Number of protein chains: 2
Amino acid sequence: MFKPETYSHRRNALRNELKGGIILFPGNTEAAFNYPANTYHFRQDSTFSYFFGINQPDLAGIMDLDNGNDILFGNDADMDDIIWMGPQPSIADRGRLAGIVHTKPLSGFEQYIKEALAGGRPVHFLPPYRGETKILLSAMLGIPVNELKAAASADLIRGIVMLRCIKSEEEVKEIEKMVDVAYLMHTTAMKMAHPGIVEQEIAGTVEGIALAKAGPVSFPVILSMDGQTLHNHYHGNTLTEGRMLVVDTGCESVETLYASDITRTVPVGGKFSRRQKEIYEIVLRANTEAIKAIKPGIPYRQIHLLAASVITEGLKELGLMKGDVEEAVKQGAHAMFFPHGLGHMLGMDVHDLENVGENFVGYDEETVRSEQFGTAFLRLGRKLQPGFVLTVEPGIYFIPALIDLWKAEGRCADFINFDKAETYKDFGGIRIEDDVLVTETGCRVLGTPIPKTVAEIEAMMAR
Amino acid sequence: MFKPETYSHRRNALRNELKGGIILFPGNTEAAFNYPANTYHFRQDSTFSYFFGINQPDLAGIMDLDNGNDILFGNDADMDDIIWMGPQPSIADRGRLAGIVHTKPLSGFEQYIKEALAGGRPVHFLPPYRGETKILLSAMLGIPVNELKAAASADLIRGIVMLRCIKSEEEVKEIEKMVDVAYLMHTTAMKMAHPGIVEQEIAGTVEGIALAKAGPVSFPVILSMDGQTLHNHYHGNTLTEGRMLVVDTGCESVETLYASDITRTVPVGGKFSRRQKEIYEIVLRANTEAIKAIKPGIPYRQIHLLAASVITEGLKELGLMKGDVEEAVKQGAHAMFFPHGLGHMLGMDVHDLENVGENFVGYDEETVRSEQFGTAFLRLGRKLQPGFVLTVEPGIYFIPALIDLWKAEGRCADFINFDKAETYKDFGGIRIEDDVLVTETGCRVLGTPIPKTVAEIEAMMAR
């Protein structure tokens, strides 16, 4: 946890953004794995953790905007809890750690809501994303489960987005620590990526490093020889010479929840072939050119389109694309090879605040989300501000089903050399991703540099 | 997965246990971690997996008892799925792998239920344990969420318990493979358990081995120098000389879900002190004497009480207990030191079938659950049958808060030497657990033997 003042400060800042009523912060409960008492690793709700700091189940918070009170709800441990879970701090002690003076038993949460509703006061809450929280809020608020999302408070969402998108120094430090653990995860994967090993061996080892050194992985490990599949969670392939391995992984702090999210792509066995190197250098150039261009005031969609241009230019040089680069990008031709966005906001969630809705986080009145295949998947499009932490993750993929579809439709045929693309159907995919802080004048790549150039990767894999 | 016939056979066996209507098998959905699209490792529902075999989200099954049809509901992948998740087998192909000929889109599940309800046919389902499944069933059946448990089918529960409690050879083989992975997990922990290392380092490494070699841990890793806390998930202590480390962990097959669950307790640094050895030998004797006594026809509660007697006898020799051993056990005096049950059924769930209710699994008309502190926590009390797989996990703990409470109350003062117990408040706890198959004539400890005697553990830790 940070100091109590950090949490008081955050709550006060939020208080200034809303007019009146009460704000609900239902903490997460344990999530059942295969029966009620056997649970996944407990994961606190990010917003609860941001404002109340305590990563324990069965807590809730209320900010009463009308009287200025912040209240933490939770139960003290009884003898059974002590036998099974060990001695626990009292709820009053937990509250003090978050700068809270008012604490009550958990049953008081429902009571407080009922009284506010009876008094006709506004009740602000975020859209719930877990079944148990939906059931709880539905019962307490008298709103059917499937209407909760629509009933969530847009004012609250806007206030929280504004605060959480700008990272303080202590937040950046936490993210940076997690990138340093990702360094270990990635360099270990590089050293293991030799022919004959099963992907699961590497994926499990990498996740074990996260758990040993930081906390859970910040999202399920993506690790595959079939890098053309963007979010591959199948880990059953045995690595073979001539293929590339995409590893997209990061971890989060078990204490503060801040996350890292890094991708590297390496040649199985440790040496890039000429064909691999040609594609790799294009993706690397897209990554480094994008990073160079990041600064406050520039819309991130512009950086995304810059990366798309670099990719189109490079693929044109190899004969995979053709025609006018600017026009090709305008028409979205690059998206057959680069069908996703350049990056997203990163913080206590790997896609920061995605639970409140992507468009509240990544877009605004000025920058409206594109509907074009490829750019439509860009999660962050709006103007950058100092304190944003975001990912830069261009990629080039040869997805057989997508090549077949576009070829059959003759889609962007003026810009794509389909015959040449056919010869890359066995290639897989390449993605290179860093975590970047927007500064006052430009940006800074966070954490210990993880091998990224062809030479650096080959050197690490030779160890 | 097993062969298609295995699943057909299981469904036919269940069909014979129920009279009519339809049986619902809602598969698990993805479980949200911190927002809807960022999920925990997918974990299929054990019962769905037992009868339908497919460990993918967003599937459901129905057995129609009136026309004999088994139907698998799920959707085929579209182009977006292929880009993000890779090519997927069709639902018809998935069905064939489980011996199913009737497959339909997922929307057909609700339709089928509605028609059955309209026709006044019985609809059998198990008590749901995940929020999302509760919401789904509640909407489809028109039963409020908090009434679903009471509306679950006792006939279905009894039929499934009967089938799943008796393990076939192929099931035992799966469990045994998981014990062999637990061997690696435990011997690695032993070699790491030296002064100066933080518990989290070992816990994360152990979980990484499970993920790399088998699948997820079958329950959150219990690993603590504070072994007196039975289910300790805090891993922040730095190991110090003179303490013991309890490691209670196992894994499950990502393919078939069968689990292992093993506990070992080792001296930090690798050498038992005299005091540690004295307590350790008592727990070990309780473990081995219990295993020797296991055979068909004997109630497991009797084995539990045998272990309690061995513990009482041993503690009496050390001067921690006193008086008549039989009477002490009858009055539950041992439970201050051994406050939990000797073991539980093990299978596709680490506490097998706990989602249907412990008493359906571990007790029957003949053997009713005890209400005495200690023995009340025994999950399995009824007569053993060949094919049961269960854990044997006696322990001795010195729980300061419990010693204080019993001493203050003068509870079982005729049998406990509280002054002596006071001197053990810094000891911690010891638990030793194996996984055992009940055979026709006795039992067999499953898997590669994991170091268990003082000599074996000291030898492994010296490596």
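**Exercise 1. Which residue of β15(B) is the bridge partner of V438(B)?**

Solution. Start with the bridge itself: V438(B) partners C443(B). Next, zoom out to the strands (DSSP E runs of at least two residues, numbered from the N terminus). β14, residues 434-438 of chain B, pairs with β15(B) in the antiparallel sense over three bridges; strands count as paired if DSSP finds at least two bridges between them. Finally, place them in the sheet: it is open, has three strands in the order β11-β14-β15 (chain B), and its pairing is antiparallel. β11 (389-392) and β15 (443-445) of chain B each have a single partner strand, so they are edge strands with one side left without a neighbour in the sheet.

A note before going on: this is a predicted model, where local features need pLDDT of at least 70 and side-chain atom pairs count only at pLDDT 80 or more, while totals for chains, interfaces and linings use all residues. Residues are numbered from 1 along each chain as its sequence is written, with chains lettered from A and ligands numbered from 1 in the order in which they are written.

**Exercise 2. What turn and shift lay chain B on chain A?**

Solution. Superpose by least squares on C-alpha atoms of residues with pLDDT of at least 70 in both copies. A turn of 180° with a shift of 0.0 Å along the axis does it, at an RMSD of 0.0 Å. That's the relation of a two-fold axis. As for contacts (C-beta atoms, placed from the backbone, within 7 Å), 100% of the contact residues of chain B recur in chain A, so the same surface serves both copies.

How values were computed:
Helix = DSSP H or I, 4+ residues; strand = E, 2+ residues; numbered from the N terminus. Contact = placed C-beta atoms within 7 Å.
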